[in-house]
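Colleague: Could you take me through one part of this model in close detail, and then follow it outward into its surroundings? I should like the positions, the exposure and the side-chain pairings set out together.

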Amino acid sequence: MTTNPNSGKTAIVPMLICCALFFILGYITWANGALIPFVRLAFNLETDTQAFLILFASYIAYFFLALPSSWILGKTGFKNGLVASLVLIILGALIIIPAASNLSYQLFLVAIFVQASGMALLQTAINPYLSIIGPIESAAQRISIVGIFNKTAGMIVPVVLGSILLKDYDSISSRIKELKAGAEHDALLAELSERLHGPYIGVAIGVAILAIVVFAVKMPEVDVNKEEEATDDAAVTSTKKTSIFQFPHLFLGFLAIFFCVAVEVMAGDIIGTYGRLLSLPPFFVKYGTTFTLVCMLVGYFIGIISIPKFVSQQTALRICTIVGITFAAISAFSTGLTSYIFVALLGVANALMWPAIFPLGIKGLGRFTKTGSGIMIMGIAGGAIWPLIYGYLKDTLHVDFQHAFLFAMVPAYLYILFFATKGHKIGKRNT
């Protein structure tokens with residue numbers, strides 16, 4: 001599946017490492033789903049919007065770090081950049097320990113931001129690497145394969161963290177509400193926050209081992225500083241470009257990634273809060289992210305089978321947006337478990353969006369690919385902004401939480417539909 005462009009041979013070991021790196025990305029990213037209800041309790045937060053700041057700290061780092069990450073990769077090379085990203089992830093995991101011990105939500109958010117900075121560097125390196133090491137037309141298939149590892153980790157982490165962090169959630173929540181501010185109240189919060197120590201020490205150790213492996217293994221470098229040749233956009237690549245701003249489809253792709261991550265985070269991380277507001281049993285609050293990611297995994301398998309053999313990346317993207325709008329509407333106008341299930345089913349609709357959007361956004365960039373990748377990665381900030389918009393609608397404007405969910409989701413899907421239909425063609429010829 002993965003080829004070394006310098007030798008023409010299958011590069012199995014680098015592909016396996018990429019899969020392991022995506023597993024780490026998935027584990028840390030989708031930990032947010034379990035952390036949201038936990039930090040609201042442990043740090044004694046008043047609203048869901050305050051808890052959603054975890055998502056803001058996690059995803060806004062991509063906006064600020066993506067382009068610097070591109071510059072770092074240009075200086076260090078692919079492999080050294082990967083090692084640096086893993087070191088940042090380790091540092092973030094270690095900062096969480098004093099944050100928990102001191103019940104400092106501010107320091108906790110700093111730790112999440114540091115971790116996300118490492119993930120921004122990691123994402124900026126891996127995504128163009130996967131897109132370029134084979135035919136651009138099948139890039140969505142390769143990204144889908146590593147996406148399976150990403151989402152498998154996402155399915156595991158709510159189970160692991162949920163069983164540790166959210167153990168006896170209802171009884172502890174009731175005790176905290178009953179206790180007045182004082183020594184006993186503070187002791188209970190301290191005991192709860194210390195549950196973070198073990199999982200994040202484990203993360204630091206696991207990522208350190210992977211960093212050593214990446215440093216020791218030979219990884220083929222991909223030269224993206226040459227103009228692409230013999231692509232579908234020959235008319236574009238044959239004209240020498242002098243600026244990244246001469247590729248409007250890239251910036252439209254950035255917005256598509258912004259909204260893609262927005263809907264993905266809304267379905268994957270907000271579902272636990274959604275289940276609590278639907279008054280479902282704690283089981284659905286704890287493991288909502290797992291349910292959504294199981295559905296995403298199904299979507300990835302559909303992508304591997306169907307793209308590009310049966311449908312193009314563009315067609316798959318159009319289908320996914322229509323399905324997403326339909327499922328979001330059903331969720332908003334149904335009740336109880338049915339509403340919850342259709343939020344989880346959004347995972348199927350969302351699964352193929354990133355794999356289809358990213359290659360379309362960087363297609364034809366040639367020597368601007370690294371910078372273009374950084375711009376695309378900046379779009380991950382959608383995961384920082386959209387939950388806060390949802391929280392503002394729900395907590396400040398007092399819009400019904402199901403309707404607020406619909407109002408947040410539909411505009412995002414409509415823009416992705418525009419990109420899949422027309423946006424990816426703007427600025428190109430003969431497409």
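Modeller: I164 belongs to helix α7, which spans residues 139–165; helices here are DSSP runs of H or I with at least four residues, strands are E runs of at least two, and both are numbered from the N terminus. The model is predicted, so local features need pLDDT of at least 70 and side-chain atom pairs count only at pLDDT 80 or more, whereas totals for chains, interfaces and linings use all residues. Residues are numbered from 1 along each chain as its sequence is written, and side-chain values rest on heavy atoms, with hydrogens and water left out.

With a relative accessible area of 35%, I164 is partly exposed; buried means under 20%, exposed over 50% and partly exposed in between, using a 1.4 Å probe and protein chains only. Once neighbours within four places in sequence are set aside, I164 has contacts with R195 and P199 (heavy atoms within 4.5 Å). A longer separation in sequence is spanned between I164 and A34: the two lie 130 residues apart along the chain, while their C-alpha atoms are separated by 10.0 Å.

From there, consider the charged side chains. The structure holds four salt bridges, each a side-chain nitrogen of Lys or Arg within 4 Å of a carboxyl oxygen of Asp or Glu. D48 takes part in a bridge to R40, with the closest N and O atoms 2.6 Å apart. D48 also bridges to R276, where the closest N and O atoms are 2.4 Å apart. This second pair links distant parts of the chain, since D48 sits in helix α3 (residues 48–51) and R276 in helix α13, 228 residues apart. D48 is buried because its relative accessible area is 4%. Its partners are given other labels: R40, at 24% relative accessibility, counts as partly exposed, and R276, at 30%, is partly exposed too.

A further bridge joins D395 to K394, whose closest N and O atoms are 2.7 Å apart. Here the acidic residue D395 counts as partly exposed at 24%, whereas K394 counts as buried at 9%. Through shared partners, salt bridges join R40, D48, R276, K394 and D395 into one network.

Aromatic side chains provide another set of pairings. The structure holds 24 aromatic pairs; rings of Phe, Tyr and Trp (its six-membered ring) pair if their centres lie within 6.5 Å, and planes under 30 degrees apart count as stacked, over 60 as edge-to-face and the rest as tilted. One of the pairs is F284 with Y340, which is edge-to-face at 5.3 Å centre to centre and 80° between the planes. F284 lies in helix α14 and Y340 in helix α17 (residues 336–351), so the pair ties together parts that are 56 residues apart in sequence. Both residues are buried, F284 at 18% relative accessible area and Y340 at 2%. Elsewhere, F52, Y274, Y390, F401 and F405 form one aromatic cluster.

Enclosure is clear in helix α18. In this helix (residues 353–362), 10 of the 10 residues are buried, so the helix is largely enclosed by the rest of the structure. The buried residues of α18 include M353, W354 and P355, and also I357, F358 and L360. Just after α18, G364 takes a positive phi of about 80°.

Two further backbone positions merit attention. Most residues other than glycine have a negative phi. S279 nevertheless has a positive phi of about 60° although it is not a glycine. S279 is placed in the loop between α13 (271–277) and α14 (282–286), and at 65% relative accessibility S279 counts as exposed. H398 likewise has a positive phi of about 60° without being a glycine. H398 is found in the loop between α20 (382–396) and α21 (401–421), and its relative accessible area of 65% makes it exposed.

The surface of helix α10 can be added briefly. I201 lies in this helix, which covers residues 197–216, and I201 is partly exposed at 39% relative accessible area.
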